[in-house]
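The following exercises practise the reading of a protein model. Work through each task before turning to its solution.

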Amino acid sequence: MASHADRGNAAAITDAQRLRAILAGSAGNLIEWYDFYIYAFTALYFSAEFFPESNALVQVMATSGIFAVGFLLRPIGGWYFGRFADRHGRQRAMVVSVLMMGLGALLIAALPTYRQVGIAAPALLLLGRMLQGFSTGGQYGTAATYLSEIAGRGRRGFWASFQYVTLIGGQLLATLVILALQHLLGEGAMKAYGWRIGFVIGAGGAALILWLSRHMHETGQAAQGRDGAGTLRELFAHHTRPFLLVMALTAGGSLSFYTFTTYMQKYLVLTVGMTKPDATLLMTVVLVAFMLIQPVMGALSDRIGRRSNIVLFAALAMALTVPIFTALAASRSVWVAGLLVMAGLVINSFYTSVSGLFKAELFPVHVRALGVGLAYGVGNALFGGTAENVALGFKQIGHESGFYWYVTVLAAVALVAGLMLKDTRRDDPLA
């Protein structure tokens, strides 16, 4: 539990300053996640450019494998930037991580193809993804901590939900960029060079965080000029239970999130049989709705509690994931498919709207960014980042429905962990 002395200067700023700080912190998050997701959404176009000639599914699986490797760097990024943020401040950590993400995007945009440099092409692609994975591992825990701390008491759920508003916004922006490029360039040009434009836009956007950061107000110990950041030894010796809870909830929540967002576009093309433009348009529409519902669910958590949100998510995901995917696979209507995908995302929003906040509430201030970032990074790397490859693996062996049950089992694990959370409505750990 955090004491009143742990608040930093968050309580001393005006409402207008608080709003600007939240928007600035959220904008950095949007830029970070746009760069991360532009890879996932352009993979269908550039997979053939970086691997030897093969069938389309194998090439997409190879590209998704490199996408998953980026997740494996997240725990390391979560550890490094979490420690950095607890010692030197959330603001500085967020700026550095976003700039690093932009550098990774710029590297991928300029990569030579397999035909030009052979095996060096996928190796360099891997390097760019590793850089992005390391950066994203730092951004999540730091942004979750910052937005949770800067939000005012009584409305933390509403304001902290903007982490996923901008995370989804980054996804949505990536989708809109791809949609525009598809319309302007066409299939051939997208495969030849159009996919690179999305990465260039992301690299340029990352530089904006330097200007936006002037509106941010430091929180936590750095705001008071205090040191004493926690170490890994202290984290595992004294905060093992919250660490494991965050891992378990991240496993179920992240797997569900990536299943219904990044993997879903490929599922709509490869399984449902949609064209790439139709799948992109459908995902654009549902992502807008998913983004807008986050503050609603966050505000709901201010009334019913973070624990109730998490339990609702896990119980509904456990009960409805298999029926939703079974119906989706048989769907031949874009409208029906859109409603089914939206149903999955509404269920997931009970989790995403409070994802960063409930995690921040579990750790004291001096080890908060480290605890959130590292536990999230491990859980996300093991289950969120591997979602596409696990799904495609089931599809390749002819048992695609096995993936639906895999998601259901992880939802059951999240339900058990959610029932172990405390109700924080009366005793605010961040106050």
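Two residues are in contact when heavy atoms of theirs lie within 4.5 Å. The model is a predicted one, in which local features need pLDDT of at least 70 and side-chain atom pairs count only at pLDDT 80 or more, while totals for chains, interfaces and linings use all residues. Residues are numbered from 1 along each chain as its sequence is written, and side-chain values use heavy atoms, with hydrogens and water left out.

**Exercise 1. The chain as a whole**

Determine which secondary structure elements the protein chain has, and how its contacts are spread along the sequence.

Solution. Begin with the elements, which are DSSP runs numbered from the N terminus (helices: H or I, at least four residues; strands: E, at least two). The protein chain has 19 helices and zero strands. Next, take the contacts with a separation of 6 or more: 85% of them join residues 24 or more positions apart. Finally, 61% of the 431 residues count as buried, where buried means under 20% relative accessible area, exposed over 50%, and partly exposed in between (1.4 Å probe, protein chains only).

**Exercise 2. Two helices and their spans**

Compare the end-to-end distances of helix 3 and helix 8 with their expected spans.

Solution. The expected span is 1.5 Å times one less than the number of residues. For helix 3, with 15 residues, this gives 21 Å, and the end C-alpha atoms are 20 Å apart, which agrees. Helix 8 (residues 162-206) has 45 residues, and a straight helix would reach 66 Å, yet its end C-alpha atoms are only 19 Å apart. Now look along helix 8 for a bend, the angle between axes fitted to the seven residues ending at a residue and the seven starting there. A kink of about 120 degrees is centred on Met190.

**Exercise 3. Aromatic pairs**

Classify the ring pairs Phe81 with Phe134 and Phe236 with Phe243.

Solution. Rings of Phe, Tyr and Trp (its six-membered ring) pair if their centres lie within 6.5 Å; planes under 30 degrees apart count as stacked, over 60 as edge-to-face and the rest as tilted. The structure holds 21 such pairs. In the case of Phe81 and Phe134, the centres are 5.6 Å apart and the planes make 55 degrees, a tilted pair. This pair links distant parts of the chain, since Phe81 is in helix 3 (residues 74-88) and Phe134 in helix 6 (residues 120-150), 53 residues apart. Phe81 is buried at a relative accessible area of 0%, and Phe134 is buried at 18%. For Phe236 and Phe243, the centres are 5.0 Å apart and the planes stand at 75 degrees, so the pair is edge-to-face. Phe236 is partly exposed at 40%, whereas Phe243 is buried at 6%.

**Exercise 4. The surroundings of Lys276**

Which residues does Lys276 contact, leaving aside neighbours within four places in sequence?

Solution. First locate Lys276, which lies in helix 13 (residues 276-304). Then list its contacts: Leu44, Tyr45, Gln182, Glu187, Lys191 and Val269. Of these, consider Glu187: its C-alpha atom is separated from that of Lys276 by 9.5 Å, with their positions 89 residues apart along the chain.
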